[in-house]
Amino acid sequence: MLTDFGRILIFLLIGAVFTGGGLVASWLLRPRRPYPDKLSTYECGEEPIGEPWVKFNIRFYVVALIFIVFDVEVVFLFPWALVFKEMGMFAFIEMAVFLGILIVGYAYVWVKGDLDWDKPSPKVSRYVKGIGVVSDETVDVNEQVAV
Amino acid sequence: MGLLDRQFDNSNIVITSLDSLLNWARLSSLYQLQFGLACCAIEMMAASASNFDMMRFGVIPRATPRQVDVMIVSGTVTLKMATRIKRLYDQMAEPRYVISMGSCSNCGGPYWEHGYHVLKGVDRVIPVDVYVPGCPPRPEALIEGLMKLQEKVRNESLAKKKIA
């Protein structure tokens, strides 16, 4: 009588009633006494500082993209490994072409320098004879003055 | 919005039957804020572990105050920690309960006189429901305290509180 999709419809209805019913019941029963300290952001008991909407470096986007590409590659590799014995050389060449395309993309990213991470170069103060402990900027100024 | 919470002066049949259901649900799933302060925390962990298994009472440690019902203050509350505990208690959703575990959080314990850095009882910053004595209390004592708290929850009501 019921089609397969009819059963899915019944599942959906029960799910909607179950979740909706829970929300409505808690709306009826819960105590609601808000005050600023209760609504404050949870930071393990510390006072929250700053906004949660922090800007992430755009480089994470590139890394995430590369990750997804190779993630999907692994997903394709598993079924390929299962049927590899039956399909033989054809499957091998197919996968080699597929991997080749991905590797070209990877090489492109590498050459463009998107994998190079900025390394910090802290300015270290040092001792200069006759002047004392100076930072790099001071030395530059002194050298210019000397010239 | 809490349509039924503290809206009625006296308990009628709806409120009382709802009370028993709600209280049963609440006392059977007292989620616990997952944090420990000092040596009492070791006993609290022992009470959670398989020998004593507090989870059979529905006490599950949760990592955020938004999801918990009971805060077990297990150990010495230093003055620095007291402000954090106050904030954590504030961030818990109601109904919320506090078990003060061990002499230190009950009254300052061995630091009651010369502990310059210790709060003399956690009840100076947050309201405490159950005090568990001991230094540290055995896991059985903590479970006893938990059952006392369950008794308290069992007798709660949605009706307005009478002003004595």
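Start in chain A of this predicted model by selecting Phe70(A), Tyr106(A) and Trp110(A): together they make up one aromatic cluster. A search over all chains turns up four aromatic pairs in the whole structure.

Next, pick Trp80(A) and Phe84(A), a tilted aromatic pair with ring centres 5.1 Å apart and 50° between the planes. Colour helix H3 of chain A, residues 59-87, and you'll see that both sit in it, four residues apart, or about one turn of the helix. Are these two rings buried or exposed? Neither, quite: Trp80(A) is partly exposed at 23% relative accessible area, and Phe84(A) is partly exposed too, at 31%.

Now hop over to chain B and show Arg96(B) with Tyr89(B). The charged end of Arg96(B) sits over the Tyr89(B) ring, 4.4 Å from the ring centre.

Stay in chain B for the largest nonpolar core, which has 21 residues. Good ones to select are those with the most contacts inside the core: Met54(B), Val70(B), Ile72(B), Ile99(B), Leu142(B), Leu146(B) and Leu149(B). Which elements should you light up around them? Helices H2 (39-48) and H5 (139-154) plus strands S3 (70-74), S4 (97-101) and S5 (130-132) of chain B each bring at least two residues to this core. H5(B) gives the largest share, five residues.

Zoom in on Leu149(B). Leaving out residues up to four places away in sequence, Leu149(B) touches Leu30(B), Val70(B), Tyr97(B), Ile99(B), Asp129(B) and Val130(B).

Last stop: apart from that core lies another, of 16 residues, so to find it select Val68(B), Val98(B), Leu119(B) and Val128(B), which are among them.

Terms used. Residues are numbered from 1 along each chain as its sequence is written. Chains are lettered from A and ligands numbered from 1 in the order in which they are written. This is a predicted model: local features need pLDDT of at least 70, side-chain atom pairs count only at pLDDT 80 or more; totals for chains, interfaces and linings use all residues. Side-chain values use heavy atoms; hydrogens and water are left out. A nonpolar core is a set of buried Ala, Val, Leu, Ile, Met, Phe, Trp, Tyr and Cys residues joined through side-chain atoms within 4.5 Å. Buried means under 20% relative accessible area, exposed over 50%, partly exposed in between (1.4 Å probe, protein chains only). Contact means heavy atoms within 4.5 Å. Rings of Phe, Tyr and Trp (its six-membered ring) pair if their centres lie within 6.5 Å; planes under 30 degrees apart count as stacked, over 60 as edge-to-face and the rest as tilted. A charge sits over a ring if NZ of Lys or CZ of Arg is within 6 Å of the ring centre and within 35 degrees of the ring normal.
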